[in-house]
Amino acid sequence: MDYDMLVIGSGPSGRRAAVQSAKLGKSVLVVDRGRRLGGVSVHTGTIPSKTLRETVLNLSGWRERGFYGRGYRVKQDISVGDLVERLHKTLDHEVEVLQHQFMRNTVKSARAAVKFLGSNKVSLTTDTGDYSEVGFANALIAVGTRPHRPRDVPFDKTRVFDSDEMLELDRLPRTLTVIGAGVIGVEYATIFSALDVPVTLVEPRNTILDFVDREIVDDFIHQMRDRGMTIRLGSAVKEIRSKPDAAEVELADGRTIRSEVVLYAAGRTGNVGSLGLDVVGIDADSRGRIKVDPQSFQTSVPNIYAAGDVIGFPSLASTSMEQGRVAACHAFGVPLPPPPETFPYGIYAVPEISTVGQSEEQVRESGAAYEVGVARFRETSRGHIMGVNTGFLKLLFSIETRRLLGAHIIGEGATELIHIGQAVINLGGTVDFFVNNTFNYPTLAEAYKIAGLDAWNRMGRG
């Protein structure tokens, strides 16, 4: 059978492209080789790690420690079973919602491995060996990524794990070493630290999270160290050894870190190996990423698109969804307005980090005159009520136009609060918006007014 749109992968970009195509009246087939729909996002990535984080923060009493002290816990002995119970409930719900969405929009789905036979045909092979061929007018490659697993790292799911395997721990480790301080590395490192597991974070580079405002990152590192995490920046890993009683990480400077478990979270690789891309002339780089046109998400073959993590940065579920929608609209000739230049990043570490627009470093590089406004959450009444001792909001304004250039938050609720800054930036709002508007009281969002006034007092009335 032939389809107007073949979607390979059912993660955020795949599902959004499938539903958008169906809403345009097109025939759609989604093929995924996983046991259940949802892709990496639902089963090993976004949803599981965020569910794990929420469960840890609730059971550990982390959010209440500002009031009751560092020794406070809601549940004294937290087991992996406590964490997994909520995880499975959440994942089941996500899959159910997705299946219903496909059914409502008459999107067909199949579980099979896909291989290109040409620019309009693929083969499908099921786990049981059943083979079929499917034709398509347009295709979207949305296969996502998997953890990068170098051959010299002794992954064994006993001592040494990748980020997917961390969800299969049979018990909480007494000590943990995390290699790689990217988004995934810092999320898992801080989640386990919130469970009072001693964590060592190792990063070969001298800096972390380079796309985030430096002041936010400096505060993040300070908070991690303040609660007892060990952070080794500029430390390349020479060798990882899995021993019966512990894992050993030998660093290039001669030091050795011993811990019960090692999480290797240094990079990810696109799941493109079995697609037969060479048959249609699409190239992937050494990390399995496919190059696309940034406006349409077309590959070098015009009727084959790619979206989501498999095309690289920013590799966010939120941006992947939009990429899938844009690709589907382009495939069927539906014009879309250009997307806003800025979108928010969310890092679900403990504490949360979220950022939108330009960092202070980027504003400096542009040469534009600017002013900064800062509000610390402990300065707000809501912060006091919640027992929040840390976290702040930082706003950057142009002195010439008074417009908001960037908003950066570290602390409780950062990924929710950022959308106020996003709206103001994309609608061309100025410092006067924050000064003249009334915010609910008491709220953490009131920090926007405090930060706005902080900048306004130095900028004058304009």
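The following exchange covers one sheet, one glutamate and one annotated stretch of a predicted model.

Author: Local features in this predicted model need pLDDT of at least 70, side-chain atom pairs count only at pLDDT 80 or more, and totals for chains, interfaces and linings use all residues. Residues are numbered from 1 along each chain as its sequence is written, and side-chain values use heavy atoms, with hydrogens and water left out.

Reader: Why is glutamate 203 called buried?

Author: Buried means under 20% relative accessible area, exposed over 50%, partly exposed in between (1.4 Å probe, protein chains only). Glutamate 203 has 6%, so it is buried. The residue is found in strand E10 (residues 199-203); strands (E, at least two residues) and helices (H or I, at least four) are DSSP runs, numbered from the N terminus.

Reader: Which residues is glutamate 203 in contact with, leaving aside neighbours within four places in sequence?

Author: Contact means heavy atoms within 4.5 Å. The partners of glutamate 203 include Gly180, Ile208 and Arg232.

Reader: What makes E12 and E13 paired strands?

Author: Two strands pair if DSSP finds at least two bridges between them. E12 and E13 (residues 247-251) have five bridges, in the antiparallel sense, so the criterion is met. Arginine 241 stands opposite glutamate 248 in E13.

Reader: Why is one side of strand E12 and of strand E14 left without a neighbour in the sheet?

Author: The open sheet has the order E12-E13-E14. E12 (237-242) and E14 (256-259) stand at its edges with a single partner strand each, so one side of each has no neighbour there.

Reader: Where does UniProt place the dimerisation domain?

Author: The unreviewed entry puts "Pyridine nucleotide-disulphide oxidoreductase dimerisation" at residues 344-449. That stretch is 33% helix and 27% strand.

How values were computed:
UniProt positions renumbered as here; feature names shortened; annotations may be inferred.
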